[in-house]
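Trainee: I would like to go through this model with you, one question at a time. Can we start from the side chains and work outwards?

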Amino acid sequence: RLLRANAIGDIRLLQADFGFRAPFNPQSRLFAPELGGGALLDVGVYVVSFASMIFGKPRDIVGLAYLGDTGVDELCSLVLKYDCGAMAAISAAISTSTPHEANLLGSEGRLRIHAPFYKAEKISLIRPGKPEEILDFPITGNGYNYEAAEVARCLREGLRESETLPLDETLQIMRTMDEARRQWGLKY
């Protein structure tokens with residue numbers, strides 16, 4: 001609603017991170033390549049999805065990663081550029097804790113989505129010359145309950161996909177992650 005109301009003007013940049021430090025275990029799903037391990041597929045999908053929700057399909061994708069002892073990405077960063085000129089600078093990690101925040105920077109201000117951004121209960125609206133506004137958005141449950149409710153709604157209504165996150169967008173998110181992994185030489 002804040003973005004539709006143009007609360008921060010034209011969005012120019014998204015910054016978001018999602019990282020945690022897991023104990024190294026080469027057999028765990030996080031570190032084993034045969035189990036699809038790595039930061040991008042585990043928690044990076046959240047920041048890639050958030051960027052997709054805001055901007056859509058990226059025009060350019062540039063990624064860097066640290067591939068650990070088992071060959072999976074333990075730390076990665078992506079810069080995504082969009083046709084509108086906006087960019088997203090996003091990162092994910094399974095070997096380093098990060099703040100779990102997101103910032104949307106616009107021509108007229110900034111939205112700080114407090115940690116954890118993927119189920120934030122507070123957003124700060126920061127605009128030059130105005131006092132910071134802190135907006136509360138209490139959530140129920142752990143956040144997954146909203147996904148489950150949407151699936152249940154789609155099933156009740158006989159829908160094969162959700163208009164909130166259409167299948168085409170899901171595929172585009174995966175293509176973005178596939179391109180990043182291609183740049184790193186990471187294959188499963």
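Trainee: How long is the polar contact that joins the side chains of Asp-42 and Arg-29?

Mentor: A polar contact is a pair of N or O atoms within 3.5 Å; within protein, one must be able to donate a hydrogen and the other to accept it, and residues adjacent in sequence count only if both atoms are side-chain atoms. The model is predicted, so local features need pLDDT of at least 70 and side-chain atom pairs count only at pLDDT 80 or more, while totals for chains, interfaces and linings use all residues. Residues are numbered from 1 along each chain as its sequence is written, and side-chain values use heavy atoms, with hydrogens and water left out. For the side chains of Asp-42 and Arg-29, the distance is 2.5 Å.

Trainee: Where is Asp-42 placed, and which residues does Asp-42 touch, not counting those up to four places away in sequence?

Mentor: Helices (H or I, at least four residues) and strands (E, at least two) are DSSP runs, numbered from the N terminus. Asp-42 sits in helix α1, residues 39-55. Contact means heavy atoms within 4.5 Å. Leaving out residues up to four places away in sequence, Asp-42 touches Phe-20, Arg-29 and Leu-30.

Trainee: Which element gives the most to the largest nonpolar core?

Mentor: A nonpolar core is a set of buried Ala, Val, Leu, Ile, Met, Phe, Trp, Tyr and Cys residues joined through side-chain atoms within 4.5 Å; buried means under 20% relative accessible area, exposed over 50%, partly exposed in between (1.4 Å probe, protein chains only). The largest core has 40 residues, and Leu-14, Leu-40, Leu-78, Leu-80, Ala-88 and Ile-90 touch the most other members. Two or more residues come from each of β1 (11-19), α1, β3 (73-81), β4 (87-93), β5 (102-106), β6, β7 and α3 (167-184). The top contributor, with eight residues, is α1.

Trainee: Which residues of the chain does Leu-40 touch, again not counting those up to four places away in sequence?

Mentor: Leu-40 is one of the core residues that touch the most other members. Beyond four places in sequence, the partners of Leu-40 are Val-45, Val-48, Asp-73, Cys-76, Leu-78, Met-177, Ala-180, Arg-181 and Trp-184.

Trainee: How many bridges join β2 and β3?

Mentor: Two strands pair if DSSP finds at least two bridges between them. Strand β2 (residues 60-67) runs antiparallel to β3. Val-62 stands opposite Val-79 in β3. In their hairpin, with five residues between the strands, Gly-71 has a positive phi near 95 degrees. The bridges between β2 and β3 number eight.

Trainee: Which residue takes a positive phi in the hairpin of β7 and β8?

Mentor: β7 pairs on two sides of the sequence. Strand β6 (residues 109-113) and strand β7 (residues 122-126) are antiparallel, joined by four bridges, with Ile-113 opposite Ile-123. β7 also pairs with strand β8 (residues 133-136) in the antiparallel sense over four bridges, and Leu-125 faces Glu-133. Six residues lie between β7 and β8, and the one with a positive phi, near 75 degrees, is Gly-129.Trainee: Which residues join through a cis peptide bond?

Mentor: Pro-116 lies in the loop between β6 and β7. Omega is about -10 degrees at the bond, and the residues joined are Ala-115 and Pro-116.

Trainee: Why does the pair of Phe-24 and Phe-31 count as edge-to-face?

Mentor: Rings of Phe, Tyr and Trp (its six-membered ring) pair if their centres lie within 6.5 Å; planes under 30 degrees apart count as stacked, over 60 as edge-to-face and the rest as tilted. The count comes to eight aromatic pairs. In the pair of Phe-24 and Phe-31, the centres are 5.0 Å apart and the planes are at 70 degrees, so the pair is edge-to-face.

Trainee: Is Phe-31 buried or exposed?

Mentor: Its partner Phe-24 is partly exposed, at 45% relative accessibility. Phe-31 has 1% relative accessibility, so Phe-31 counts as buried.

Trainee: How many residues apart are Tyr-46 and Tyr-118?

Mentor: Their ring centres are 6.0 Å apart with planes at 45 degrees, so the pair is tilted. The pair links distant parts of the chain: Tyr-46 is in helix α1 and Tyr-118 is in the loop between β6 and β7, a separation of 72 residues.
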